[in-house]
Amino acid sequence: MSIWWSLHLRREAASVPLARRLLLGTMETAGVDPDISYDLSVALTEACANAVEHGGDGTSGGASEAYRVTAYLDGEKCRIEVADAGPGFTPPAGRQQFRLPTRPDAEHGRGLCLIRELADHVHIGPEPGRRGTVVSFDKILKWRENAPNAPLVTAS
């Protein structure tokens, strides 16, 4: 089974739970294991929250007032991309980019670390040919027992 969807959302806090609910509904319908669905929904929430907070250029109206969420469930993998039109973000090289804040009560700086811990592969970089940042991550899917839409696995 292959499922693909894309949302163009306003950079408002109210858009974040909408994207999360759509992802969770898609995963449930497809028969994805609830733990995997939860992990991906938390990672999506963090990526969307970053786009809402940091994804604009400070002007009113125009492309910077929106961001895009795209999800692909294809076979045994889910890939999610969150793209904004902000000033861009170039993470430092290596795993340093995913360190938790030093203060345990810090309210900022946990999102990228959470995404890295919850997903199998993470890429953060500029929007190709455009202004902004793309956070993309993927995870190998597991399926609920007797899931109607689980891919067929053949023994070799």
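**Opening exercise.** How many residues stand between E4 and E5 in their hairpin, and which residue in the turn has a positive phi?

*Solution.* Six residues stand between the two strands of this hairpin. Gly 129 in the turn has a positive phi, of about 75°. Strands here are DSSP runs (E, at least two residues), as are helices (H or I, at least four residues), and both are numbered from the N terminus.

Before going on, note that this is a predicted model: local features need pLDDT of at least 70, side-chain atom pairs count only at pLDDT 80 or more, and totals for chains, interfaces and linings use all residues. Residues are numbered from 1 along each chain as its sequence is written, and side-chain values use heavy atoms, with hydrogens and water left out.

**Exercise 1. Lay out the chain, then its sheet.**

*Step 1.* Count the elements. The chain has three helices and five strands. From the N terminus they run β-α-α-β-β-α-β-β.

*Step 2.* Order the strands. Two strands pair if DSSP finds at least two bridges between them. The five strands form an open sheet in the order E1-E2-E3-E5-E4, with antiparallel pairing. E1 and E4 are the edge strands, each pairing on one side only. From one strand to the next, the twist averages 10°.

*Step 3.* Check individual pairs. Nine bridges join E1 and E2. Leu 9 has Tyr 67 in E2 as its bridge partner. E3 and E5 are joined by seven bridges. There, Ala 83 is partnered by Val 134 in E5. E4 and E5 share six bridges. His 121 stands opposite Asp 138 in E5.

**Exercise 2. Is strand E5 largely enclosed or open, and why?**

*Step 1.* Fix the term. Buried means under 20% relative accessible area, exposed means over 50%, and partly exposed lies in between (1.4 Å probe, protein chains only).

*Step 2.* Apply it to E5. Seven of its eight residues are buried, so E5 is largely enclosed by the rest of the structure.

*Step 3.* Set this beside the whole chain. Buried residues make up 40% of the 156 residues.

*Step 4.* Look at a packing partner. In helix H3 (residues 111-118), the buried residues are Gly 111, Leu 112, Cys 113, Ile 115 and Leu 118. They pack against H2, strand E4 (121-126) and E5.

**Exercise 3. Describe the largest nonpolar core and follow one of its residues.**

*Step 1.* Define it. A nonpolar core is a set of buried Ala, Val, Leu, Ile, Met, Phe, Trp, Tyr and Cys residues joined through side-chain atoms within 4.5 Å. In soluble globular proteins, nonpolar side chains tend to be buried together.

*Step 2.* Size it. The largest core has 33 residues. Those with the most contacts inside it include Leu 40, Tyr 67, Ile 80 and Phe 137.

*Step 3.* Find the contributors. E1, H1, H2, E2, E3, H3 and E5 each give two or more residues to this core. H2 gives the most, with nine.

*Step 4.* Follow Phe 137. Contact means heavy atoms within 4.5 Å. Leaving aside neighbours within four places in sequence, the contacts of Phe 137 include Leu 40, Ala 43, Cys 78, Ile 115 and Val 122.

**Exercise 4. Sort three salt bridges by where their residues lie.**

*Step 1.* State the rule. A salt bridge is a side-chain nitrogen of Lys or Arg within 4 Å of a carboxyl oxygen of Asp or Glu. The count by this rule is four. Three of them follow.

*Step 2.* Take Glu 12 and Arg 10. Their N to O distance is 3.9 Å. Glu 12 is partly exposed at 41%. Arg 10 is exposed at 59%.

*Step 3.* Take Glu 65 and Arg 11. Their closest N and O atoms are 3.8 Å apart. Glu 65 lies in the loop between H2 and E2, and Arg 11 in the loop between E1 and H1, so the pair ties together parts 54 residues apart in sequence. Glu 65 is partly exposed at 30%, whereas Arg 11 is buried at 19%.

*Step 4.* Take Asp 138 and Arg 79. Here N to O is 2.9 Å. Asp 138 sits in E5 and Arg 79 in E3, 59 residues apart. Asp 138 is buried at 4%. Arg 79 is partly exposed at 31%.

Technical notes: Axes are lines fitted to C-alpha atoms, for helices over the stretch in contact, and angles run from 0 to 180 degrees between N-to-C directions.
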